[in-house]
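Here are a few exercises to work through with the viewer open. Try each task before you read its solution.

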Amino acid sequence: MDSDVLTRADQAPAAPAPSTADPLWWRSAVIYQVYVRSFADGNGDGTGDLAGVRARLGYLKDLGVDAIWFNPWYPSPLADGGYDVQDYRDIDPRFGTLAEAEALIAEALELGIRTIIDVVPNHISDQHPWFQEALAAGPGSPARERFWFHPGKGENGDEIPTHWVSSFQGETWTRTTNPDGTPGEWYLHMFTPEQPDLNWNHPDVRREHEDILRFWFDRGVAGVRIDSAALLIKDADLPEVGEKPDHPTEDRDELHDVYRSWRAIADSYPGTRVLVGEIWVPDIDRFTAYLRPDEMHTAFNFDFLARPWGAASFRESISATLAAHAPVGAPSTWVLSNHDVTRPVTRYGREDTAFAFLRKRFGVPTDPQLGLHRARAAALLVAALPGSLYIYQGDELGLPEVEDLPLDLIEDPMHFRSGGTDPGRDGCRVPLPWAGSSAPFGFGRDGSAPWLPQPAGWSGLTVEAQAADPDSTLSLYREALRLRRALPALGDGPLEWWDDAAPAASDVLAFRRGDDFACVVNTGDDPAALPAGADLLLSSSPLEHGALAGNATAWLRIGAATDPHPTAHTTEAPAPRG
Ligand code: NOJ
């Protein structure tokens, strides 16, 4: 490369330690998602646990995260990976004990890492004492009023009360059997029958969840991720979808009062305790209405991960997201994946790179090399955007989706409820590879079989292998998070599109943050010239003769001497004369 065009910044700024006293920490936090069952197995039984997490806190500290979000860790029959909670005031014995959770919260905080827990207010486990009581108490009992029990339609009551469709596909009502063996009422479950929906018009339901928040805030958690947050309230008239102007089960106006009361509880605690909504609402203004100053702090921005790979679609998503968040004063979140979504390495290597749950199928070809390049580029792109950043465990290792799990080991109900056409979500929940050259790759004790098998080819993807390799995806993430912490322009704050550096209608996306930071993303396959006179801070792929490689992102330090217009560059040596 021409050294006067672009130079590698040799003196990287020092990273200050995270301050646990910062009341605005959540506006730019890097939050690492731990799926406990698959993170690290401390006792060698094949299932991840809190002992495993405690032993790996140093890894998360070195990675540079500000907080951990734990998927549900409560006692649960695991009919939906723990999103079927049996008891909110304890820890699943497979994962550990409440005392261990308390110790973990405190130990993490000592390292400057906050804890966010998952609360699942739309439904509980059918094994929860409330539901068992309701079943036993029979029709018309007060215990049933905490749920949506309803007689069926038709002469014999054998027709379902509504045709609402589950996001897990299939029907949303299951018929009960009365204590005397006769067919009984139906109950509503927007997910599986093992997850009966709660009735949020009932004061017990509201009071119980407020107590659950206090239970965990009292134990020092810094925030709550709210599962299926836009589904809690149902139209009690049970209309079909489309019968009334508003939706009977989604995004109902009454929800906002619930979150206002939760916010008041969060605000009554010292430090900033945050509410993070899992909100799949397509209308972005209705989405950001949940982020008004007296409601949630932030919500997962899923629009970006659903977009196909490409400069135009990314820019449109980023612009719309930032514009919609500005009026409510909330920062956006950036999410490339989670425990529900096909891993980016696999998704971005496909012909159709957009993500949609109902389109998941077995056997869709992917190019893992291309996918990895793009996943690394996307990681640098989102890490440079304004707001908070979520990293799903294993994305920092560039793990692909495991698409060949033995069918008899799949546990995800999405697979079964699709009639077996949807592979489900277990492919992104395979236990992490930590070290060594064969399974369980340091996930648990040698000889123990992880609850889902790890591909033999993961030996090159272990933390151990990647930590020693400066070009690995783990090293890229570590460096990106170190720079993100060190550079004041990153995290919360404004973004300015840098159109001079990105030819119109090209595959290039460029933006600036602060006085001296720029991010350039090349979503095309051919190299793209970079602005002249900038320092290269970090790139997701090596530069090619001074140009940004295809499917790559660069972070630049820019200054008065930078010429934004991409320099003409030569990728080949000039042809010899004569
Ligand atoms: C969203 C969670 O992320 C997912 O894993 C779960 O299956 C559903 N909500 C139902 O709780």
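Gln169 is found in the loop between β5 and β6. Keep in mind throughout that this is a predicted model.

**Exercise 1. Work out what the phi of Gln169 looks like, and whether the residue is buried or exposed or something in between.**

Solution. Start with the backbone: phi of Gln169 is near 70°, which is positive even though the residue isn't a glycine. As background, most residues other than glycine have a negative phi. Next, check the surface. Gln169 has 27% relative accessibility, so it counts as partly exposed, since that class runs between 20% and 50%.

**Exercise 2. Stay in that loop and find what the side chain of Thr172 reaches.**

Solution. First place the residue: Thr172 sits in the loop between β5 (149-150) and β6 (173-177). Then look at its accessibility, which is 0%, so Thr172 is buried. Finally, follow the side chain: it gets to the backbone oxygen of Trp164 at 2.9 Å.

**Exercise 3. Inspect the backbone at Pro440 and Phe441, and say what stands out.**

Solution. Pro440 is in the loop between α12 (413-417) and α13 (463-467). Check omega on the way in: the peptide bond from Ala439 to Pro440 is cis, with omega near 10°. Most peptide bonds are trans. Now move on to Phe441, which lies in the loop between α12 and α13. Its phi is near 50°, again a positive value in a residue other than glycine. With a relative accessible area of 0%, Phe441 is buried.

**Exercise 4. Classify the ring pairs Phe304 with Trp334 and Trp309 with Phe314.**

Solution. You need two numbers per pair: a pair of aromatic rings is described by the distance of the centres and the angle of the planes. A search of the whole structure turns up 32 aromatic pairs. For Phe304 and Trp334, the centres are 5.8 Å apart and the planes are at 90°, so the pair is edge-to-face. This pair links distant parts of the chain, with Phe304 in helix α8 (residues 303-306) and Trp334 in strand β11 (residues 333-335), 30 residues apart. Phe304 is buried at 0% relative accessibility, and Trp334 is buried at 0% too.

For Trp309 and Phe314, the centres are 5.3 Å apart and the planes are at 85°, so that pair is edge-to-face as well. Trp309 has 11% relative accessibility and counts as buried, while Phe314 is buried at 0%.

**Exercise 5. Find where the charged ends of Arg219 and Arg347 sit relative to aromatic rings.**

Solution. Take them one at a time. Arg219 lies over the face of Phe215, at 3.7 Å from the ring centre. The charged end of Arg347 sits over the ring of Tyr348, 4.9 Å from its centre.

**Exercise 6. Describe the surroundings of the ligand: which residues come nearest, and how is the shell made up?**

Solution. Begin with the neighbours. There are 13 residues around the ligand, and Asp80, His123, Asp227, His339 and Asp340 come nearest. Sort the shell by type and you get three nonpolar, three polar and seven charged residues.

Then go through the polar contacts to ligand oxygen atoms. A polar side-chain atom of His123 lies 3.0 Å from one, and a polar side-chain atom of His339 is 2.8 Å from one. For Arg425, a side-chain N or O atom is 3.0 Å from a ligand oxygen. Last step, the cover: the ligand on its own has 300 Å² of accessible area, and the protein covers 97% of that.

Notes: Residues numbered from 1 in each chain as written. Predicted model: local features only at pLDDT ≥ 70, side-chain atom pairs only at ≥ 80, totals over all residues. Heavy atoms only, no water. Phe/Tyr/Trp six-rings, centres within 6.5 Å; stacked < 30°, edge-to-face > 60°. Helix = DSSP H or I, 4+ residues; strand = E, 2+ residues; numbered from the N terminus. Buried < 20%, exposed > 50% of the residue type's maximum accessible area, 1.4 Å probe, protein only. Lys NZ or Arg CZ within 6 Å of the ring centre and 35° of its normal. Near = heavy atom within 4 Å. Polar contact = N/O pair within 3.5 Å; in protein donor to acceptor, adjacent residues only side chain to side chain. Areas by Shrake-Rupley, 256 points an atom, 1.4 Å probe, with all protein chains shown as cover. Nonpolar A, V, L, I, M, F, W, Y, C, P; charged D, E, K, R; others polar.
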